[in-house]
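Colleague: Could you take me through one part of this model up close, the aromatic pairs, and then whatever sits around them? I'd like a connected story rather than a list.

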Amino acid sequence: MEIRVLRYFLEAAREENITKAAAYLHISQPTLSKQLKDLEQELGRKLFVRSNYSIKLTDEGMLLRKRAEDILEMVHKTTDEFKSLGTVTGGDVYMGCAESHLVKYLARAIKDFKQLYPGFRYHIQSGNTEQVTERLDRGLLDMVLIVESPNLSHYNYIEIPGVDTWGLLMRKDHPLAKKETITADDLIGIDLICSEQSMKADIPRWCGQKADALNFTGFTNLFYNGSVFVREGLGCMLTFANLADTGSDSDLCFRPLFPVLENKMYIIWKKYQVFTPIAELLIKELSERLNREYSPSAPVQ
């Protein structure tokens, strides 16, 4: 199975049309058709359902699409890594991030780091802990920022200063907006939006068995999308402080939970991981910077 053929396959899957895909790839339509049929013969599975005007992926085709995307992403990342070997003027680092205001510490470090290494480029992928950790384990990311304690048997880590504080994001005209803090009893009967990860792990940590009585009507992994649903009156969202604009011009407000629920944030990477020179330098810079400037005795801003 050749990398070139996988690229052909993905373009055909995206276009759902052999002629359009061939034109984009600058090859003839018969050549592309033959390459795809050869790929099906090699795998022993039908990848497309063909009609006069379009092609659709079979279940086997959808599986190959997922695998091909991962393979090509790894090829691209490996190519970048080899390009950066022997030089410390720059290179690419791939990071996964949970949504948190504490990401500002990473951004500040990168801003200074780019002054030393102007050829440095960063690639940020957002997602919950499970999503970004999975990509880290598959070698698609160099490091990730998560909002739960790392598995010390698998990962090295740097602790980021400060905490994320949980609360309820709601419209300002919601009855609970009159309260200063929100308890579990306040949430009974309220349509709630939350991430599935937090619904299973964080909320039970806060209110125990009362979590079973809460009405989770929607789940989201991205804060912004959830906040739009809140604004449109689809419910209230359990989320971190400092993510939403709740100023005087906003129609949203945030109230902290009581008792207080907090999460720490960590930068993690696989144990025994071999980094490119630029990624290794960034890890060193982050470790030294956070230990030096944001020690427990230093004020957190």
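Modeller: Sure, and let's start with Phe-48: its relative accessibility is 1%, so it counts as buried, the cut-off being under 20%. Keep in mind that this is a predicted model, so take every value here as computed from it. Phe-9 goes the same way, since a relative accessibility of 0% puts it in the buried class.

Those two rings belong together. Across the whole structure, a search turns up seven aromatic pairs. In one of them, the ring centres of Phe-9 and Phe-48 are 5.5 Å apart and the planes are at 55 degrees, so this pair is tilted. What I like about the pair is where its partners come from: Phe-9 is in helix H1, while Phe-48 is in strand E1 (residues 48–50), and the two are 39 residues apart. In other words, the pair links distant parts of the chain.

Now move on to another ring pair, Phe-113 with Phe-120. Here the centres are 5.1 Å apart and the planes are at 90 degrees, so the pair is edge-to-face. Both Phe-113 and Phe-120 are buried. They also have company, because ring pairs join Phe-113, Tyr-117, Phe-120 and Tyr-122 into a cluster.

Back to H1, the helix that carries Phe-9. Helix H1 (residues 3–15) has a neighbour in helix H2 (residues 18–25): their axes come within 8 Å and cross at roughly 130 degrees. That angle makes H1 and H2 oblique to each other, because it falls outside the ranges for roughly parallel, antiparallel or perpendicular. As for handedness, H1 and H2 cross in a right-handed way. On the H1 side, the contact is made by Tyr-8, Glu-11, Ala-12 and Glu-15, and on the H2 side by Lys-20, Ala-21, Tyr-24 and Leu-25. Sort the residues of this contact by type and you get five nonpolar, three charged and no polar.

One more stop, away from the rings: His-101. This residue is in the loop that runs between strand E3 (90–97) and helix H5 (103–116). Despite being in a loop, His-101 counts as buried, because its relative accessibility is 19% and the cut-off is under 20%. Leaving aside residues up to four places away in sequence, His-101 touches Val-163, Asp-164, Ala-241, Asn-242 and Leu-243.

How values were computed. Residues numbered from 1 in each chain as written. Predicted model: local features only at pLDDT ≥ 70, side-chain atom pairs only at ≥ 80, totals over all residues. Heavy atoms only, no water. Helix = DSSP H or I, 4+ residues; strand = E, 2+ residues; numbered from the N terminus. Buried < 20%, exposed > 50% of the residue type's maximum accessible area, 1.4 Å probe, protein only. Contact = heavy atoms within 4.5 Å. Axes fitted to C-alpha atoms, helices over the stretch in contact; angles between N-to-C directions. Parallel < 35°, antiparallel > 145°, perpendicular 65-115°, else oblique. Left-handed = near helix turned anticlockwise from the far one by under 90°. Nonpolar A, V, L, I, M, F, W, Y, C, P; charged D, E, K, R; others polar. Phe/Tyr/Trp six-rings, centres within 6.5 Å; stacked < 30°, edge-to-face > 60°.
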